[in-house]
Amino acid sequence: MLVETMGVALSKAFQWTTVDSGTDTLEVTPLNENLLKQIIKFAVDFSSKHPQEAVFVFREPLEWETRLDYSIFEQGEGYEIRETTVQSEAKGEDGELLHSVMASTVRVYNFDQLSRFLQIAMENKLKEAQTCLEANREPIVKILGPEYGTVEGQEMSMLYLLDKLENDINPEREMKMKIFLLLRQLDLQLLHSSLKHISEDNRLNPDAINNEVNLLRKISGKGEDTVLESLDYTSDYVFSNGCRAPPWRQVHGEICYLVIKPHDTDPLYITCSAEGVFLNGGQLKGKNCIDYERKSDICEDIVTFLRERSPRFVENMAKQECNFFKEPTSEKTYKHMEVADAKVSGQSKSLCDFTEENVHEKVKSSAARRRSIDKKKLEPTISWKNTTLSASHRYFSDKAAKKDIEEEGRSGAECLKTKKTGSGISSELVKMQTALKRKTSVRFEEVSETSSETEEDEEQPVYRPERNTDLPSEYWGIQKLARFLKGGNPTATVLALCFMRHFNLAQEHCQLAIRDSGCLEVLINLLDTEEIKCQIGSLKILKEISQNTLMRHAIADLGGLEIMVKILDSPDKDLKSLAAETIANVARFKQARRTVRQHGGIKRLVGLLECSSVGSTSLKPYQAKDTEIARCGALALWSCSKGIKNKEAIRKAGGIPLLARWLKCSHANILTPVVGTLQECASEPSYRLAMRTEGMIENLVKNLSGENEELQMLCAGAIFKCAEDKETRDLVRQHGGLQPLSILLGNTENKQLLAAVTGAIWKCAISGENVSKFREYKVIEALVGLLTNQPEEVLVNVIGALGECCQEPVNRATIRKCDGIPPLVNLLTGTNQALLVNVTKAIGACAKEPENMMIIDHLDGVRLLWSLLKNPNPDVQANAAWAICPCIENAKDAGEMVRSFVGGLELVVHLLKSNNKEVLANVCAAITSIAKDEENLAVITELGVVPLLSKLANTSNNKLKRHLAEAIAQCCTWGRNRVTFGETKAVAPLVRYLKSNDPSVHRATAQALYQLSEDPNNCITMHENGAVKLLLAMVGSTDETLQEAAAGCIANIRRLALAIEKAKYG
Amino acid sequence: MSQRRLQQLADALGRSAKHFNRSEVECLIKLFDMLVAKSSGRSTAVGFDQNMFRDALHCTFGMTDDILMDRVFCIFDRDHDNCINVMEWVEGLSIFLRGTLEERIKYCFEVYDLNQDGYISREEMFQLLKNSFLKHPSEEDPNEAAKDLIDIVMKLMDYDHDGRLSFTDFEKAVRVENLLLEAFGPCLPDIKSSMAFEEKTFQETRKL
């Protein structure tokens, strides 16, 4: 309603409150305070950052009631003080005042004065800024005039204004536009920070409630101005996890119960649960007990809850504001932000919204009001989600989900339900079940055969021959224990399990003993009992032995995964953690991962990440168990995140925001699996986008500088994958990630870390700004140092990074000075395709420097490059052809050198038959370079280069068009080639190139046409294809070469026409 | 029971049974009265006798071992008058349902220390474990199996190698491996039955 001009942020992000008097006030919340601070910083810095714009006189002054005493202006320079008025000494052009304080009203006319005022206000500036915004709900309209505020919708208004700006250019309007854009930037910034706020934790936890209660208690009590009469817990006993609700209610997520006595209503009995705050059935008559049933909607915190029920609370809360500001507000207390209050519903200017608001006023139905808040609250989040997930993506994922369900349904029907008791399981029965279960899993394989899951690191179980002799005593020890497991009651079983853990379960013969004695079946069957102690004991052993591939497959074959997934629902926290951790170990191969997904494991595992201590940086002891659950959940997700479908399932289960929250914590043991999962999932574009937009890059960068090498490696790996996107590369730089990356280059011992770090550097170096930073940190020198004695995974990335860095001339020289060229040339003899792709690119970049070229030539690098044209990989061919160009340009006696390669020219001409566009374009470029030498041109003409080039003419690829046109232009200079091009029908397509949208194509084409127009027949073809008109337009170009070529071509056509006319009539 | 007595009792117990709040204490008192009245039929009864308590343990928490149930009765019955009065009932349940690890270690040790001499001897273990093998392997004497099991227990828990378990041994072993808390048989409710009991007691009893 009032401030839509300051963009969305002011109207929606701020939390407005309406007091009964009808004026709108800003609520006192950390979010608002944060936004205000940003606005103040903007205003204070404005005069120094934009001095010209700062003196622009506002259309109307910003006017508000100040609480400052005018006497403080005595300290500031540039003010004239007369009795109760203060005036600025600075005057506008027309001599009007720029700033005045009369009695208690302030008027400010420009940003310069605003910034001074706020500086003088010192510690009161927050309060002043708040009053100012409350009094001026449409600051942009006041500053720039109403035309900047009336246009509906943001994007529309931008277009509208730009349109205006184009139509009449006058300095004032331009100035206004600049200010408008600056304000828009501020608006975006505010919106971003408020979104960040909102996207944080919005589940309640004992801490948050406790803080809120304590805060409310401070401003409650007897008296007129207090917000409440009293606020009490129903129980003083606090459980070790911080909850006050009895354990059997905690399973419903309930945390504690409160009795609240407001001034104006009956006592309210409320339940605080993880989902939020709601009214319960109240205290039962005369007793101290509570009816736990929910009687109201759920609000996100106590304050919101009370605001809807007690008008006095709202009123007095507003009075308390000032005091609130002075107190150090605890972030946690108001972690759960309301984006907007009920009034916001009327904020849009449209008529219907206005009526809606009126209805609210009349009906005063709290329920209706609440609903409208909910709607508003959702707004920013939804629009933000929309940007994250493209519609098409969702469509596909839905389809995939359907398929999954079908699969699950079918496999579910196959699955045998067998209930077992913990004691006395005969081995025959066990064996029978095993056999049946094996059949089931075979069915799985068939059912999901259709799914096209591409996975790397597939592990195959290694079957070793049975060893009967020389078995160590442990083997027989375990065999002995087997009878306790098979024949004992739960007590004996638990004792046997505890004892079994004392064997060294990491040793293979112990694992074999467990398998051979039939213990494994018993262990799996124990999981399916109701005996929690047996389940825990069994999982403790399974967790250990599942480190072994053979055991993993055995556990999966026995149906262990399905049961463990089921256990994830158990109320026992230790049991859940153990099950998740064991799943993490077992789900290392494709089929196991699929089993986990098909039995709903991904959803449950993601659920484990959701606990009250999410994202908090310091953990209390009672949160340790929750954190352990989350850690194990993340470990299992990490294992499961290898397949595309599972990545998708994690995303659909809402895993990304949860991972983002855990990423903020500072414990390496949980960060490692979280970053590991993210790193794995970053292969999917949807994850990369989410990681960028959810601010995860910052945390990844932060963890690069930690102590833990594995974590550093995973973070660098995640950046490696994410930095494919330009915005992410910029973010890495902005968060200061380039320096830690360059420091990590020093750690040459840990090869995995080095590979990830060099990979991240490579991808980051695709942005020029990053390369400059890298130069500053001496990364190029360090990379050159890594060119020798490194494994190929590292080399590929190092050379990729060097290739990107070499796009800048300075760095090419640096490589030479560090003696980097010989090792690079040396690597041309390698066989690793990925490596060759990067090496050829790097050498091509280096060869642009004549001094580098001398070294390359000396080392016979060109011959090596040339021989790579024979490589079967098209990427290698393309890059080698590309690298050859600068070599020929910069080598001495290039023509002689080229001729010296036996069969070299045939090879190049032959590559014109390739199917790969990139190869073709680059080979054309190479031919252009080669053809600069007349003798070589003669040879390739002889080899039939002209018809081959003509054949390529009908292409739609701009890069190919350009290089092809260049090659044709160059080849025209020999013999009858011009005529041959005409005969092989290259001219007409070339004319059409002039319509291309790429200016570099125009230039090359005009040159080619100019060359071709020396032949009269070609002139006719050009004329017939309408070349003249197109060329005439090119003559007007600012590019002189293009101009000249176009003009030359037209002249040739014209000359021919004249000659014909002359012949006809002369 | 008079309202006044209920109030007084609840006040007194609210202080000693530290894991329950006042209203929960009241519920437990009511449950106690109800159970006593129902099983004895006499309104003058002051508490549970051994059989009634055993029934309660069996029905509510699924306990089956007679020896252990009698031991639990003895632990609840602090004044050894063969009757669990209301105070003993509430205080006992406080540890039984919500005890800390320390309290539970102490409680379990007391349960297993059959002769209450401060040690769990091999003989006591045999008493407790002799019925562990419901389905004895045909070729073997179940008593032999129990003895083998006791050997295992000694290896796991007898830290000072004196052939018996002191409280220190027991506590140390449980802290290393929590599963050993109920090493000699179930004497605490499992999480499901205890939650069911609490829900039933604190929700339904209140309505009476």
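Which helix of chain A gives the largest share of the lining of the largest cavity? In this predicted model, that share comes from helix 2 of chain A, which supplies four residues to the lining. The cavity in question has a volume of about 230 Å³, and 18 residues line it, of which Ile39(A), Leu62(A), Leu114(A), Cys132(A) and Leu133(A) are the closest to its centre. Two or more lining residues are given by each of helix 2 (30-49), strand 3 (62-65), helix 4 (111-121), helix 5 (125-135), helix 6 (139-144) and helix 8 (171-198) of chain A. In character the lining comprises 17 nonpolar residues and one polar residue, with no charged residue among them. Counting cavities of 30 Å³ or more gives seven in the model.

The chain that holds these cavities contains 58 helices and twelve strands. Of the 1066 residues in chain A, 56% are buried, while the area that chain A exposes comes to about 46,500 Å², with 52% of it supplied by carbon and sulfur atoms. When contacts in chain A between residues at least 6 apart in sequence are considered, 69% are found to join residues at least 24 apart.

A local example of burial is provided by helix 33 (residues 696-704) of chain A, which is largely enclosed by the rest of the structure because seven of its nine residues are buried, the criterion for burial being a relative accessible area under 20%. The buried positions in helix 33 of chain A are Met696(A), Ile697(A), Asn699(A), Leu700(A), Val701(A), Asn703(A) and Leu704(A). The cover over these buried residues includes helix 30 (655-663), helix 31 (668-681) and helix 32 (685-693) of chain A, together with helix 34 (709-722), helix 35 (726-734) and helix 36 (738-744) of chain A.

Confidence in the prediction was also examined along the sequence. The mean pLDDT of chain A is 78, and a value of 70 or more is reached by 75% of its residues. Over residues 1-8 of chain A, however, pLDDT stays under 50, although the model has 37 contacts beyond four places in sequence for this stretch. The pLDDT is likewise below 50 over residues 18-22 of chain A, a stretch for which the model has seven contacts beyond near neighbours in sequence.

Methods:
Residues are numbered from 1 along each chain as its sequence is written. Chains are lettered from A and ligands numbered from 1 in the order in which they are written. This is a predicted model: local features need pLDDT of at least 70, side-chain atom pairs count only at pLDDT 80 or more; totals for chains, interfaces and linings use all residues. Side-chain values use heavy atoms; hydrogens and water are left out. Buried means under 20% relative accessible area, exposed over 50%, partly exposed in between (1.4 Å probe, protein chains only). Contact means heavy atoms within 4.5 Å. pLDDT is the predictor's confidence in each residue, from 0 to 100. Accessible areas come from the Shrake-Rupley method with a 1.4 Å probe; for residues, only the protein chains shown count as cover. On a 1 Å grid over the protein atoms alone, a cavity is a set of points where a 1.4 Å probe fits but cannot get out, and a pocket is an open set with protein on both sides within 12 Å along at least five of seven lines; lining residues have an atom within 4 Å of a point. Grid points are joined across faces, edges and corners, and a volume is the space filled by probe spheres set on the points. Ala, Val, Leu, Ile, Met, Phe, Trp, Tyr, Cys and Pro count as nonpolar, Asp, Glu, Lys and Arg as charged, and the others, Gly among them, as polar.
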